[in-house]
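Student: Could you take me closely through one part of this model, the sheet and its strand pairings, and then place that part within the chain as a whole?

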Amino acid sequence: MELTCPDCGGALDLRSGMVHCGACQRDFSVVARCPDCQQPLEVLKACGAVDYFCQHGHGLISKKRALFSFA
């Protein structure tokens, strides 16, 4: 998945839970949301895999289904 800057459209680089735009020198945090209820997801990391859990009744959500937004 390639992320682009919401301000200038430049490519974003992942930096320890944040993303950085080299073009406009801004940093953004990324929030994963449930595709069903739009609520923030809990991040689950195990054995190198990253999955997400919806605490509002939708259970495990794969990275492919999660909706990502900038905060």
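Tutor: What follows goes through the sheet strand by strand and then turns to the chain around it.

Since this is a predicted model, confidence deserves a word at the outset: the mean pLDDT of the protein chain is 88, and 96% of its residues reach 70 or more. Among the elements, the highest mean pLDDT, 94, belongs to strand β6 (residues 59–61), while the lowest, 81, belongs to strand β1 (residues 12–15).

The sheet is an open one, made of three strands that lie in the order β4-β5-β6 with antiparallel pairing. Its edges are formed by β4 (42–46) and β6, each of which pairs on one side only, and from one strand to the next the twist averages 40°.

On one side of the sheet, β4 and β5 run antiparallel and are joined by five bridges; within this pairing, Leu 44 has Asp 51 of β5 as its bridge partner. The connection between β4 and β5 is a hairpin with two residues between the strands, and here Cys 47 adopts a positive phi near 55°.

The other pairing links strand β5 (residues 49–54) to β6, again in an antiparallel sense, through three bridges. Two of the positions can be followed individually: Cys 54 has Gly 59 of β6 as its bridge partner, and Tyr 52 stands opposite Ile 61, also in β6. This second connection is likewise a hairpin, with four residues between β5 and β6, and Gly 57 in its turn has a positive phi of about 95°. When reading side chains along these strands, one may bear in mind that in a regular strand the side chains alternate between the two faces of the sheet.

Turning to the chain as a whole, its secondary structure consists of seven strands and zero helices, so that the pattern read along the sequence is β-β-β-β-β-β-β. Along the principal axes, the C-alpha atoms fill a box of roughly 40 × 30 × 15 Å. Of the 71 residues, 21% count as buried, and the chain exposes about 4,800 Å², of which carbon and sulfur atoms supply 52%. As for how the sequence meets itself in space, among contacts with a separation of 6 or more, 29% are between residues 24 or more positions apart.

Technical notes. Residues numbered from 1 in each chain as written. Predicted model: local features only at pLDDT ≥ 70, side-chain atom pairs only at ≥ 80, totals over all residues. Heavy atoms only, no water. pLDDT = per-residue confidence, 0-100. Pairing = 2+ DSSP bridges. Axes fitted to C-alpha atoms, helices over the stretch in contact; angles between N-to-C directions. Buried < 20%, exposed > 50% of the residue type's maximum accessible area, 1.4 Å probe, protein only. Contact = heavy atoms within 4.5 Å. Areas by Shrake-Rupley, 256 points an atom, 1.4 Å probe, with all protein chains shown as cover.
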